[in-house]
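This report goes through the side-chain contacts of one protein chain. The sequence and the structure come first, and the text follows.

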Amino acid sequence: MLRKLCSAILGLFLGSGNAVAGQGSAWDYTFTSIDGTPMPLQSYAGHVVLVVNTASRCGFTPQYEGLEKIWNTYKDRGKGLVVIGVPSNDFGEQEPGSNPEIKTFCETTFNVSFPLTERAVVSGDHAHPFYQWAAQQTGAAGIPRWNFHKYLIGPDGRLLDWFLPTTKPDDPKITGAIEMALNSADPD
């Protein structure tokens, strides 16, 4: 118990924290794609997945470029990395557009080709069930408090790590964690 608490406190200061063991897996949840079709996370089983709550009018919005870069770098390695953008208007009302507007913005401004979900709530009592599960995994320290909070999911659906919005997608903390997860999934 003390170890988990220390890890959570350390995560507040370092911007990353290992997830704690909990019930279920990420594969138990389904989003709706930005085009309105079901997007079961189970379809990504065996892949490493980076789930990021995004916003189009945020100071961190240029991170779309870094997300696209790591998506292109790692998507074809083994079973590959899947980046999933989850547009959210939770913080500062910085994602006020409709799903078609968000999609157009992402594709035309940042050439985003990774999967996007429809706009979703990522914090509080009405958070999408995936985000409620992730909060149970990380504790209070790992709950999104702003746009571009990142969760790294392993090939088995366990939450491996989380990263604060200030940690850019190409930061060695993230790319190192992705590479370690990919290597553990495909030891060749």
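Which residue forms a salt bridge with arginine 158? In this predicted model, the partner of arginine 158 is aspartate 156, and their closest N and O atoms are 2.7 Å apart. Arginine 158 counts as partly exposed, at 48% relative accessibility. Aspartate 156 also counts as partly exposed, at 40% relative accessibility.

**Salt bridges**

The count comes to two salt bridges. Besides the pair just described, lysine 103 forms a salt bridge with aspartate 35, where the closest N and O atoms are 2.9 Å apart. Lysine 103 belongs to helix α3, while aspartate 35 sits in the loop between β2 and β3 (38-40), so this bridge ties together parts that are 68 residues apart in sequence. The accessibility of each residue in the bridges is listed below.

| Residue | Relative accessibility | Class |
|---|---|---|
| Lysine 103 | 23% | partly exposed |
| Aspartate 35 | 55% | exposed |
| Arginine 158 | 48% | partly exposed |
| Aspartate 156 | 40% | partly exposed |

Aspartate 35 is classed as exposed because its 55% relative accessibility is over the 50% cut-off.

**Nonpolar core**

The largest nonpolar core has 50 residues, of which Leu41, Phe130, Tyr131 and Ile153 touch the most other members. Several helices and strands each supply at least two residues of this core. The helices among them are α2 (63-74), α3 (99-110), α4 (129-138) and α5 (172-185). The strands among them are β4 (48-54), β5 (81-87), β6 (150-153) and β7 (159-163).

Around leucine 41, leaving aside residues up to four places away in sequence, the contacts are Ala26, Trp27, Tyr29, Thr30, Phe31, Ile84 and Phe130. Phe130, one of these contacts, is also named with Leu41 among the core residues that touch the most other members.

**Aromatic pairs**

The count of aromatic pairs comes to eleven. One of them joins tyrosine 29 and tryptophan 133, with 5.9 Å from centre to centre and 40° between the planes, and this pair is tilted. The pair links distant parts of the chain, 104 residues apart: tyrosine 29 is in the loop between β1 (16-18) and β2 (30-32), and tryptophan 133 is in helix α4. Tyrosine 29 counts as buried, at 18% relative accessibility, and tryptophan 133 counts as buried at 2%.

Ring pairs also join these two residues into a cluster, whose members are Tyr29, Phe31, Phe130, Tyr131, Trp133 and Tyr151. Of these members, Tyr29, Phe31 and Phe130 are among the contacts of leucine 41.

**Cysteine 58**

The unreviewed UniProt entry places the feature "active site" at Cys58. In the model, cysteine 58 lies in the loop between β4 and α2. Is this residue, cysteine 58, buried or exposed? Cysteine 58 has a relative accessible area of 9% and is buried, because buried means under 20%. When residues up to four places away in sequence are not counted, cysteine 58 touches Gln94, Trp146 and Asn147.

**Threonine 175**

Threonine 175 is placed in helix α5, one of the elements that supply at least two residues of the largest nonpolar core. At 16% relative accessibility, threonine 175 counts as buried. Its contacts, again without residues up to four places away in sequence, are Ile70, Tyr74, Pro169 and Asp170.

Technical notes
Residues numbered from 1 in each chain as written. Predicted model: local features only at pLDDT ≥ 70, side-chain atom pairs only at ≥ 80, totals over all residues. Heavy atoms only, no water. Core = buried A, V, L, I, M, F, W, Y, C linked by side-chain atoms within 4.5 Å. Buried < 20%, exposed > 50% of the residue type's maximum accessible area, 1.4 Å probe, protein only. Helix = DSSP H or I, 4+ residues; strand = E, 2+ residues; numbered from the N terminus. Contact = heavy atoms within 4.5 Å. UniProt positions renumbered as here; feature names shortened; annotations may be inferred. Phe/Tyr/Trp six-rings, centres within 6.5 Å; stacked < 30°, edge-to-face > 60°. Salt bridge = Lys/Arg side-chain N within 4 Å of Asp/Glu carboxyl O.
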